[in-house]
Amino acid sequence: MVWLAGMSGNLVTVACFMALAVGALCASARTDSSRKSARFTVIPPGPVTDKIRVEMRVAIPNESLDERSYEVAFYCDKVTSNQPLGRVFVMSSPGGFALARMWWNTAGHSGRHKLIARVRPSPLEPGSRPPTQALTWPLEVVASTTRALPLLQGGWLEPLGLSNSVYARDRDMEEQDLRDLLDAMKRLRMSVLLVPYVEYQGYWFYPSGIRFHDGDAGERVESQYFDFDVVETVLSQAEKHDMHVFLGLGRSGDVDLLWEFDKADWKERNQHAVDIATSIAKELWERYGHYRSFYGWYLTHEMNDLKRSSAYYDPVADFCHSLSPDKPVLVAPAGTPIINKESLAASHVDIFCYQDAVGAGYVPYQYTYIPESRIAILDEVFRGYRRLHEGTDKHLWGDLEIWEMDGSKGY
């Protein structure tokens, strides 16, 4: 099992993720209106405690051939013209996006709220009544003595975990089983779902039209693993419950990419991985971008050294942001990541979801397979992460592992 504890900005919130297996038939194409309308995303999505800050993001598409400027005013619960939480003025190039961002401190605001973003063109012509969009996001703020909510708030949805070849089952899970699983997660108040990959070494978990070539080997044989669309099933069922889904782009068959920087062919491998990731992201957005439950992206390649890993992370994150810049990009660093404030602040990734490495009993550069040996140092490990994140406006989350590993058997 995996829990995910989320920490937002300089302060900590919790989203606990449970390692669960994760699929309807053909996915719908994205509607044109999803591109033309502004989008509003709050990070983390909630519920949160009254000890953190949340980030509000509004992405405003500009379909015109001219530069456009906008005013975005943020409110809590109701629009009062003279008392917004704040105003942001942003500009968009032709065919691009304007991105308005603001952070809100939840202190003193326990209860159920509605965050509001009002978007209108700027500057206004005298006497004109400009078109205005009002976007809303429900947010529950819980009074707490800690920054983290001690609740199970999300789950990792492992596509291969649907198969009886991975976990002991009488049969592979079917579409209705998966929908029932999400229903159960919702009853536990889990609100965030993370699909680690949509493609895994030649197998797809949605009906993809992408085919990749592996050098002299020619076209790689690809096939859909199940006879239903895992991605669409997760997104559609999550939408019924107002849940939020990260879609993972996978490791493109190269699981050691961000650990082998000194290999002679690394730049070529990295470019290949970037090309695969951006192709998949483009297809996912075109097929599923209309779902409100589509919350963000997960870059599955696991890093140890952030500065060097940014050669992969940054171009992929930039591409994902180009599709809708309000959608956050998440990575899950390894147990002893090499990061400093400069590399963290410069990264194009939004959320760093650090593995707590309890399952393997990991102590710096050693697997003890004794969970207590890692638990004993976790306070200092996460205090160190918090110090790094202060002042960077990067979201600090934590991937909490609640499984045990058997070193004698490899797992």
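**Buried Rings and Paired Charges**

User: Is tyrosine 298 buried or exposed?

Analyst: Tyrosine 298 has a relative accessible area of 7%. The model is predicted, so local features need pLDDT of at least 70 and side-chain atom pairs 80 or more, while totals for chains, interfaces and linings use all residues. Residues are numbered from 1 along each chain as its sequence is written, and side-chain values use heavy atoms, without hydrogens or water. Because buried means under 20%, exposed over 50% and partly exposed in between (1.4 Å probe, protein chains only), tyrosine 298 is buried.

User: How many aromatic pairs does the structure hold, and what is the arrangement of tryptophan 156 and tyrosine 298?

Analyst: The structure holds 25 aromatic pairs (Phe, Tyr or six-membered Trp rings with centres within 6.5 Å; planes under 30 degrees apart are stacked, over 60 edge-to-face, the rest tilted). In one of them, the ring centres of tryptophan 156 and tyrosine 298 are 5.5 Å apart. Their planes stand at 75 degrees, so this pair is edge-to-face.

User: How many residues apart in sequence are the parts that tryptophan 156 and tyrosine 298 tie together?

Analyst: Tryptophan 156 belongs to strand 11 (residues 154-158) and tyrosine 298 to strand 17 (residues 294-298); helices (H or I, at least four residues) and strands (E, at least two) are DSSP runs numbered from the N terminus. Tryptophan 156 is buried, at 9% relative accessibility. The parts that this pair ties together are separated in sequence by 142 residues.

User: What is the arrangement of the rings of tyrosine 203 and tyrosine 225, and how many residues apart are they?

Analyst: The centres of the rings of tyrosine 203 and tyrosine 225 lie 5.1 Å apart and their planes are at 85 degrees, so the pair is edge-to-face. Tyrosine 203 is in strand 14 (residues 203-204), whereas tyrosine 225 is in the loop between strand 15 (223-224) and helix 3 (230-240). Tyrosine 203 is partly exposed at 40% relative accessibility, and tyrosine 225 is partly exposed at 25%. The pair links parts of the chain separated by 22 residues.

User: Which residues are linked into a cluster by ring pairs?

Analyst: Both tyrosine 203 and tyrosine 225 belong to this cluster. The full set that ring pairs link is Tyr197, Tyr200, Tyr203, Phe205, Tyr225, Phe226 and Phe228.

User: Which strand holds arginine 120, the salt-bridge partner of glutamate 71?

Analyst: The structure holds 24 salt bridges (a side-chain nitrogen of Lys or Arg within 4 Å of a carboxyl oxygen of Asp or Glu). Glutamate 71, which is buried at 9% relative accessibility, meets arginine 120 in one such bridge, with N to O at 3.2 Å. The pair spans 49 residues, with glutamate 71 in strand 6 (residues 68-76). Arginine 120 lies in strand 9.

User: Where does arginine 189, the partner of glutamate 140, lie?

Analyst: The closest N and O atoms of this salt bridge are 3.1 Å apart. Glutamate 140 is in strand 10 (residues 133-142), and the pair ties together parts 49 residues apart in sequence. Arginine 189 is partly exposed, with a relative accessible area of 44%. Its place is the loop between helix 2 (175-187) and strand 12 (192-195).

User: Which residue meets glutamate 380 in a salt bridge?

Analyst: Glutamate 380 is partly exposed at 41% relative accessibility. Its partner is likewise partly exposed, at 45%. With N to O at 2.9 Å, that partner is arginine 387.

User: Which residues are linked in a network of salt bridges?

Analyst: Side chains of opposite charge can pair when their charged atoms come close. The network links Glu55, Arg57, Arg101 and Asp350.
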